[in-house]
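I opened the notebook to record model confidence, one helix pair and one pocket. The entries follow in the order of the look-up.

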Amino acid sequence: MTTDSSAPTLARKPSRERVFAAVISHHGRHGYAPTVRELAAATDLGVSTVAYHLDGLVAAGRLTRRPGLVRTLVPAPAAVRSA
C-alpha cells in the first residue's frame, strides 16, 4: 500500500488549536487581539511557531487579519461556532 505524503492532512494540530483557543480567550477577556508574543507566552510555544500557526489559521479561514495593522486578528464567525 502506498501513501501520498503530499496530500493535505485534515487533522487539526494540537499546538495550532492551542493558539486558536488563546486568541478566542484573549478576545473574550480584553475585546482586542493578542500580540504574537502574548500568544507565545500563553501557549508555551515559540514566537515563530505561533506566527506559523496564525498563518495557517488565516489560510484555513478560522481567523482574519488586516495586513499592515497590528492587533487585527479576529476569529471568523463560523470558526467560533465550531470551536
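I checked confidence at the start of the chain and found pLDDT (the predictor's confidence in each residue, from 0 to 100) under 50 over residues 1-10. For residues 1-10 the model has zero contacts (heavy atoms within 4.5 Å) beyond four places in sequence. Where pLDDT is low, I do not read the predicted coordinates in detail.

I noted that this is a predicted model, in which local features need pLDDT of at least 70 and side-chain atom pairs count only at pLDDT 80 or more, while totals for chains, interfaces and linings use all residues. Residues are numbered from 1 along each chain as its sequence is written, and side-chain values use heavy atoms, without hydrogens and water.

The mean pLDDT of the protein is 85, with 81% of its residues at 70 or more. Among the elements, helix H2 has the highest mean, 97, and helix H4 (residues 77-82) the lowest, 66. Helices are DSSP runs of H or I, at least four residues, numbered from the N terminus.

I then looked up how H2 (residues 36-43) packs on H3 (residues 47-59): the angle is about 105° and the axes lie 9 Å apart. Axes are lines fitted to C-alpha atoms over the stretch in contact, and angles run from 0 to 180 degrees between N-to-C directions. H2 is therefore roughly perpendicular to H3 (65 to 115 degrees). Val36, Arg37, Leu39, Ala40 and Thr43 of H2 meet Val47, Val50, Ala51 and Leu54 of H3 in this contact.

Definitions and conventions: Helices (H or I, at least four residues) and strands (E, at least two) are DSSP runs, numbered from the N terminus. Angles under 35 degrees count as roughly parallel, over 145 as roughly antiparallel, 65 to 115 as roughly perpendicular and the rest as oblique.
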